[in-house]
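Visitor: I would like a close look at the internal cavities, and at what surrounds them. Please take the cavities first and then the rest of the chain.

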Amino acid sequence: MEAGHISIHAENILPIIKRWLYSEKEIYIRELVSNAADAILKLQKLSLLGEVKTEVPDAAITLTIDKPGKRLIISDTGLGMTADEIKKYINQVAFSGLHDFLDKYKDKDDSQQVIGHFGLGFYSSFMVASKVEIDTLSYKEGAVAARWSCDGSTAFELSESDRKEVGTSIILHIGDDSAEMLESETIKGLIHRYCAFIRYPIKLADSGEVLNETRPLWTRSPTELNDKDYIDFFQKLFPGSPDPLFWIHLNVDYPFNLKGVLYFPKLKHELDASQGEVKLYCNQVYVADNTKELIPEFLTLLKGVIDCPDLPLNVSRSYLQNDPTVRKISEHITKKVADKLSGMAKTERETYAKFWDDIHPFIKFGMLRDHKFFERMQDYLLFKTADGEHLTLDQYKEKMTGKVEDGTVIYASDPKAQVSYLRLLKEEGMEVVIADTMIDQHFIPYFEMQTGRKWKFKRIDSDLSEHLLEGAKPDIVVDAKDKATTTEKIDKVFRDNLDQQQVKIRVESFKSDKVPAMLLIDENARRLKDMARSNGAMAAFAVGMPEERTLVVNQNSPAIKNLIKLSQTFNRHEEVKLMVNQIFDLAWLQQGEFSAEMMQSFIDRSAAILGRLGVSDVLLAQ
Ligand code: ADP
Ligand code: MG
């Protein structure tokens with residue numbers, strides 16, 4: 001037997017490891033199981049090279065829980081180690097790693113994932129064990145089995161063992177503060193979390209139950225998979241989530257290795273990023289969720305898995321930020337997503353349109369965030385019309401030729417409130433696109449700018465298309481007394497009676513006679529105000545910003561015609577005032593919400609109007 005000390009500045013590994021890693025102590029299982037899987041893979045490779053003289057056992061990682069003995073044993077059928085290799089790989093390498101680790105992370109808390117990065121994976125076992133033993137037999141001809149043990153101090157013991165099978169067992173003497181590691185439910189849970197897709201079977205010794213899936217979907221060829229396989233796998237990863245809309249199977253060999261499946265989830269609401277979850281794996285070993293550096297922010301709306309064998313198992317944030325491969329991988333993922341979407345837009349237009357309402361926030365968000373994604377997607381944007389059709393902007397333009405200036409896109413931001421504007425435009429065969437999500441407010445101005453102002457979006461209530469109006473009408477004199485023309489008369493009646501003062505009046509002849517009046521808000525002034533409103537610091541100013549509303553009165557409406565007659569009748573002043581303000585409120589209502597005050601006066605006035613309705617007839621009949 002050999003006993004010795006390793007020269008190292010730290011007296012005791014245990015407190016150090018515990019101090020930095022305690023909160024994440026369960027990752028020890030990932031480290032030990034992935035070491036076991038590595039050892040098995042190495043033996044298989046050596047065997048392929050003809051280096052292994054003995055028979056290669058069936059690959060297996062076995063977990064034995066010895067509750068009375070307070071031991072957890074992780075055994076593998078890997079290549080094993082000789083005593084010299086233990087000294088080299090477990091003692092020296094690890095301890096030099098520890099040294100670096102201490103140097104770098106002395107003052108930092110962000111050590112969660114660094115342990116493996118410094119070749120300390122094996123030592124994470126001391127987070128749960130007061131003593132660790134290695135019992136191992138190397139595949140090498142004539143190798144002698146070895147047994148190593150260490151109680152977390154710098155002292156180790158190394159002796160011969162009577163082990164007969166090639167492979168390694170890591171024997172953890174579980175500390176009292178980690179007693180839960182002796183519960184099979186805990187172990188199953190941890191395997192499920194960290195090792196669910198390790199490529200070799202992980203078995204519980206007593207029941208023989210296999211805890212993992214060795215050929216997860218992303219490692220298989222898309223040609224051998226059907227939709228159900230993808231959906232089942234999704235449900236396994238994200239139990240209880242609504243089924244995904246569609247997915248992308250990533251499979252790259254060059255210039256880096258990357259496999260994975262990204263699912264487009266059905267978003268519950270726009271920009272609900274909390275739902276997304278892309279799990280990062282490294283050779284089927286779980287590493288982390290939503291790794292920002294690897295997966296562009298907007299893609300975290302997606303769900304799925306990415307497996308990057310090129311990355312070290314335990315990647316630290318700073319490693320990822322500085323690694324050029326990581327950037328390339330991230331760009332590649334973005335490109336693949338854009339390719340999938342544009343491919344669908346080109347060859348499966350109907351499916352694409354069907355999913356559009358679910359995926360457009362994601363696409364717009366991505367376009368706002370990532371310039372390359374913008375360029376890849378800009379020709380594949382769809383706009384849903386008020387009739388539920390999905391059009392590209394070019395199709396929209398074609399439909400609107402001659403009806404609006406080329407490049408103008410009329411949109412409704414609140415189709416319910418703006419229903420009478422919609423009806424008016426529909427009657428004239430004009431198309432309106434719906435842009436009623438929060439992201440549209442940001443996306444539209446950005447899109448206009450990025451596309452060189454080729455497209456001009458106008459909210460449905462911002463302007464009146466000439467197309468809705470009758471050509472110029474002779475403006476006849478209607479009031480002999482003051483020689484006022486219809487236009488002048490209407491203007492005056494409104495100006496004299498309207499309670500609301502900050503509004504311009506314009507008189508027009510609509511083709512339709514259904515609408516007495518409409519409010520228009522200047523697009524630019526409104527956008528400025530919207531912007532200010534959504535910007536915390538500016539929000540207070542937004543209240544005072546002018547909105548430039550214009551009340552457009554339709555002189556073809558019977559209500560307006562009546563109003564003019566009434567205004568020329570003796571002693572009907574009160575009714576004229578009621579009508580003018582009611583017409584204004586109706587126009588306002590089509591555009592947005594009443595304030596409490598406006599609501600009150602609208603209700604009171606409506607009641608007053610009802611009170612007068614038909615009064616003269618009833619009186620006459622009495
Ligand atoms: P890493 O896995 O990053 O190399 P570890 O601390 O996890 O660092 O392991 C150190 C080394 O110990 C491994 O590289 C390997 O050579 C050896 N080793 C650990 N576990 C086993 C095992 N189960 N079978 C064979 N060799 C092992
Ligand atoms: Mg390791």
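Guide: What follows describes the cavities, then the chain as a whole, and then some single residues. This is a predicted model, in which local features need pLDDT of at least 70, side-chain atom pairs count only at pLDDT 80 or more, and totals for chains, interfaces and linings use all residues. Residues are numbered from 1 along each chain as its sequence is written, chains are lettered from A and ligands numbered from 1 in the order in which they are written, and side-chain values use heavy atoms, with hydrogens and water left out.

A search of the whole structure finds two cavities of 30 Å³ or more. A cavity here is a set of points, on a 1 Å grid over the protein atoms alone, where a 1.4 Å probe fits but cannot get out; lining residues have an atom within 4 Å of a point. Points are joined across faces, edges and corners, and a volume is the space filled by probe spheres set on them.

The largest cavity has a volume of about 40 Å³. Its lining consists of Phe264, Pro265, Leu267, Leu301, Leu302, Asp358, Ile359 and Phe362. By class these are seven nonpolar residues, no polar ones and one charged (nonpolar: Ala, Val, Leu, Ile, Met, Phe, Trp, Tyr, Cys and Pro; charged: Asp, Glu, Lys and Arg; polar: the others, Gly among them). Helix 9 (residues 349–369) gives the largest share of this lining, three residues; helices (H or I, at least four residues) and strands (E, at least two) are DSSP runs, numbered from the N terminus. The largest cavity lies between domain 2 (217–353) and domain 3 (356–459), because both give residues to its lining; the domain bounds come from an automatic or database domain assignment.

The second largest cavity holds about 30 Å³ of space. Around it are Lys397, Met400, Thr401, Val404, Glu405, Asp406, Gly407 and Thr408, a lining of two nonpolar, three polar and three charged residues.

The protein chain has 20 helices and 23 strands. Of its 622 residues, 51% are buried, where buried means under 20% relative accessible area, exposed over 50%, and partly exposed in between (1.4 Å probe, protein chains only). Among contacts between residues at least 6 apart in sequence, 69% join residues at least 24 apart; a contact means heavy atoms within 4.5 Å.

Two aspartates can be read together. Aspartate 76 is in strand 3 (residues 71–76) and is buried, with a relative accessible area of 6%. Aspartate 135 is in strand 4 (residues 129–137) and is also buried, at 11%. Leaving aside neighbours within four places in sequence, the contacts of aspartate 76 include Arg163, Gly167 and Thr168. Not counting residues up to four places away, aspartate 135 touches Arg163, Gly167 and Thr168 among others.

Backbone geometry adds some further details. A cis peptide bond, with omega about 0 degrees, joins tyrosine 254 and proline 255, and proline 255 sits in the loop between strand 9 (246–252) and strand 10 (258–264). Asparagine 283, not a glycine, has a positive phi of about 50 degrees; this residue is partly exposed, with a relative accessible area of 35%. Arginine 453 has a positive phi near 60 degrees and is exposed, at 57%, in the loop between helix 13 (438–450) and strand 18 (456–459).

Note on methods. 1 Å grid on protein atoms, 1.4 Å probe; cavity = no way out; pocket = protein on both sides within 12 Å on 5 of 7 lines; lining within 4 Å.
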